[in-house]
Amino acid sequence: MHDWHEIGALDEIPRLGSRVVQTPHGDVAVFRAADDQVFALRDRCPHRGGPLSQGIVHGHRVTCPLHNWVLELANGEAVAPDEGCATHYPVRQENGRIWLGLNNVVSLATAARETA
Amino acid sequence: MREKLVLVGNGMAGMRTLEELLTIAPDKYEITVFGAEPYGNYNRILLSPVLAGEKTVDQIMINDLDWYAERGITLHAGKEVVTINRARRQVIAADDTMAPYDRLLLATGSQPFMIPIPGNDLSGVITFRDIQDVHAMLDAARAGKKHAVVIGGGLLGLEAANGLMKQGMEVTVVHLLDVLMERQLDIEAAAMLRASLEERGLRFLMGAQTVAILGEERVKGVRFKDGLEIAADLVVMAVGIRPNTDLAKQSGIHCERGIVVNDTMQTYDPRVYAVGECVQHRGQTYGLVAPLWEQARVCANHLASYGISLYRGSVTSTKLKVTGIDLFSAGNFSGGSDCDEIVLRDQARGVYKKLVIKDNRVQGAVMYGDTIDGNWYFQLLRENTDVSGFRDSILFGQAHLGDAGHGGNNVLAMADEAEICGCNGVCKGAIVKAITTQKLFTLEEVRAHTKASASCGSCTGLVEQLLTAMLGDYSKTSKEKPLCPCTEYSHDHVRKTIREQHLTSLRAVFDFLEWKTPDGCHSCRPALNFYLIATWPGEARDDGQSRFINERVHANIQKDGTYSVVPRMWGGLTNPKELRAIADVADKFQIPTVKVTGGQRIDLLGVKKEDLPKVWADLNAAGMVSGHAYGKSLRTVKTCVGSDWCRFGTQDSTGLGVKLEKMTWGSWTPHKFKMAVSGCPRNCAEATIKDFGVVCVDSGYELHVGGNGGIKLRGTELLCKVATEEEAMEYAGAFMQLYREEGRYLERTAPWLERVGLAYVKQHLVEDGEGRKALHQRFLDSQQYAQVDPWAERASGRVDAHEFQPLRQVG
């Protein structure tokens, strides 16, 4: 089950850019592709924890600013041959507003793992 | 339904094309492969080591039968295609196996040439082409046959002779000419090679024309034109290869010496493509492996319907695969009246190197005994590099260029645990393992899989050596490398198009040059953004989303996601007011580290992103602006105190440094750009390792260009000497502008200068006064759009506010 949160308007995120949503379990990077599709990933690269929200967005991918890992926005998977995965979150758009789905159980578990 | 692709020929060229195709369009075709040999696909150029007993057949397999099955490819091994019905679009094998096609790929390779003389069909007369031939030779050796005669003293013949000798046979090499490997070697190198092979036990008959092979059923001997006869239990013909065109010819596809293809590897039948040794492209046929690789890449691109890649022919290089003999040859090694030759000959050490040079550019190379620098010379040749700057030491090799990295190491002699890539901690063993188990062929693949040479790149040469040693030279032979995988076009071509077509936006570039990706990638977007704003200042819009994060938020990202802030200190000067403001900012925002930089400024490290605008506002209030320590741009102008204070100072070096920095700050360049001004030849400001350095002397100012510290230390070269500060400023602006207009993105002035040559820069700046003034003026014109303090804009909250605030807080 997801708790849905309204996080803002599409216009507030630049095309091919990203904004951060702060949550109790850590930052979530919300991306807007050139085709106005919106995606959300945990703002930590699975490689060395780089902030994905600061990366260059291209197609439906983002390049981490620290060591150029490339991740799929749709599922957080690193593009081969790199291996790793950033948690992804569901996103909905309704009337120009963006809604972010946070699964409390999963994200708490993820947060616990990452702080451990 | 998927389209049907049929490949005829299970050799290296055809399979490489399939592998490339599967990478870019894995699901486009249902694929069927016909191979005349009853095996999977193997590395034919490694047959010589198999014959010599240094490798086994299993070790040279590229794809075993499982590989085909896993990819859903139907393999008909051991079935020879005899007919192509182009009207019905079917191929038919000798056993009547039929396969329909939508696209057909011919990779039928070549066959060895048999000299048309009596007896050439006797048992024991073979060629050296496939695994069967190798088995025949090994069988003869094991059966205790004594005498082998190899006809042909070329690359293949010598490798066959060496292998047979290692298997215990007495081998005579017969060659029609007086020079061995005459297509690759000059007389000197060929003589050294012959002496060395004779020492190992090979015998040579030079200038000998074979007229008959003697024997009843099995070969017994060979007769020459002068009447001489020698005994032979085995005769290997290695006098050349001929493209296999029979199948294509029968089917009515246009052939000359080979199957004629255009620059997209398409034959005269648009449904039929051809690659490899069977092909004739722009009048050339190729028997080496590197060109096949390029053809495969181009062909796959068109089979995948991308339609944007062209093959323009190849320059090739050769190595002899005989253990213990190092030999390298490339390009035009025989020279001509308009060429110079640089030669090193050391008979005792068995070393010979010759470079053929024309207009300071390498045309060809022949090396014997010491070939470590072969790849480097080949690279200089392909890239048409001006070598005037290091011509006097070029024969001593790349290590003599002052490479502070790993130049000159022999990677083969290194232990498996030896670290090759210092940035990412990758040792030799890991790279070797990745190349073999992951079946890697190119530098890019090794970088992607192991990260070796993927960071600073200083170990690239070592990784390339490893690849070459393990696989043969598969490096790209084209002169122009694509800008990134999103395009086939090079940096220079893209930039020329931006200028000539007056393109002023990324979208226009993507559309006009038919980019393969919808909006580029992290490599090409920053490059294109730079080319656009450098070519059309004030007109092209700077696209923040196409800049690396540091240039987008005007601070340096650190490993923990915080930022560092470096305010500008003109010419390295500061004062109590600025220092107090820096101290206050560090206290107020609890900045954990304050450090003096190498460029005579102060770095505030560990600033939180949301604090950046407030930090900048406080620094702005004390009169400080961005130091651009994060940018591919003018960084600092380092100075010494000069004639104001120093008892040795000859000019006001600090004052000139401040003027230079005021003129050039804010300008974007292909890579970072550093300057320095020293007040006397003691050079305390280290001006001779900067991109542009001024060394003051009593009579004026020496201007030095193209130096850098960093990965590969390089001292500057002296551009010229001028009398006044005004001239020094004009040269600085003109030099920066020439570099901005012609340097490739992420190419510093040092490699740029090595590429174009100091003479070229002198010609534009020193010899052409009008040209220099025009360059300087263009620099100044563009500065009116660049000299806006990015910190003040953002501290005001009017620019890019979204960068510094979270979108929302939830929960």
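Two strands are taken to pair if DSSP finds at least two bridges between them. In the predicted model described here, strand β1 (residues 3–8) of chain B meets this criterion with strand β2(B), the two running in the parallel sense over six bridges. Within this pairing, Glu3(B) stands opposite Tyr29(B) of β2(B). Helix α1 (residues 12–24) of chain B joins β1(B) and β2(B) in a β-α-β unit, and the unit is right-handed. Strand β2(B), which spans residues 29–35, is mostly covered, with five of its seven residues buried. Strand β2(B) is also joined by four bridges to strand β5 (residues 74–77) of chain B, again in a parallel arrangement. In that pairing, Gly35(B) is found opposite Ala77(B) of β5(B).

The nonpolar interior was examined next. The largest nonpolar core comprises 64 residues, among which Val150(B), Val235(B) and Val236(B) touch the most other members. The greatest contribution to this core comes from helix α5 (residues 155–166) of chain B, which supplies seven residues. A second core, separate from the largest one, contains 49 residues, including Val8(B), Phe34(B), Tyr68(B) and Leu105(B). Of these, Val8(B) falls within the range of strand β1(B), residues 3–8, and Phe34(B) within that of β2(B), residues 29–35. As for the surroundings of Val235(B), its contacts, neighbours within four places in sequence being left aside, are Gly124(B), Val125(B), Val149(B), Ile151(B), Ile213(B), Val219(B) and Val222(B).

Between the two chains, 22 residues of chain B are in contact with 28 residues of chain A. On the side of chain B that touches chain A, α11 (443–450) and β39 (808–809) each supply at least two residues. By class, this side of chain B consists of nine nonpolar, nine polar and four charged residues. Strand β39(B) also takes part in a pairing across the chains: two bridges join it to strand β2 (residues 17–23) of chain A, and the two strands run parallel. Here Val21(A) stands opposite Arg808(B).

Several features of the backbone were noted in loops. In chain A, a cis peptide bond links Ala80(A) to Pro81(A), with omega at about 5 degrees. Pro81(A) is located in the loop between β7 (70–72) and β8 (88–89) of chain A. Asp36(A), although not a glycine, has a positive phi of about 70 degrees. The loop between β3 (26–32) and β4 (38–42) of chain A holds Asp36(A). Asp36(A) is exposed, having 10 other C-beta atoms within 10 Å. In chain B, Gln590(B) likewise shows a positive phi in a residue other than glycine, the value being near 50 degrees. Gln590(B) belongs to the loop between α17 (576–588) and β32 (593–596) of chain B. With 10 C-beta neighbours inside 10 Å, Gln590(B) counts as exposed.

The confidence scores were considered last. The model has an ipTM of 0.89 and a pTM of 0.69. The average pLDDT of chain B is 90, and 97% of its residues score at least 70. Over residues 402–408 of chain B, however, pLDDT stays under 50, and the model has 19 contacts beyond four places in sequence for this segment. Where pLDDT is low, predicted coordinates should not be read in detail.

Terms used:
Residues numbered from 1 in each chain as written. Chains lettered and ligands numbered in written order. Predicted model: local features only at pLDDT ≥ 70, side-chain atom pairs only at ≥ 80, totals over all residues. Buried ≥ 20, exposed ≤ 12 C-beta atoms within 10 Å, placed from the backbone. Right-handed = clockwise from strand over helix to strand, strands pointing away. Contact = placed C-beta atoms within 7 Å. Nonpolar A, V, L, I, M, F, W, Y, C, P; charged D, E, K, R; others polar. Core = buried A, V, L, I, M, F, W, Y, C linked by C-beta atoms within 7 Å. pLDDT = per-residue confidence, 0-100.
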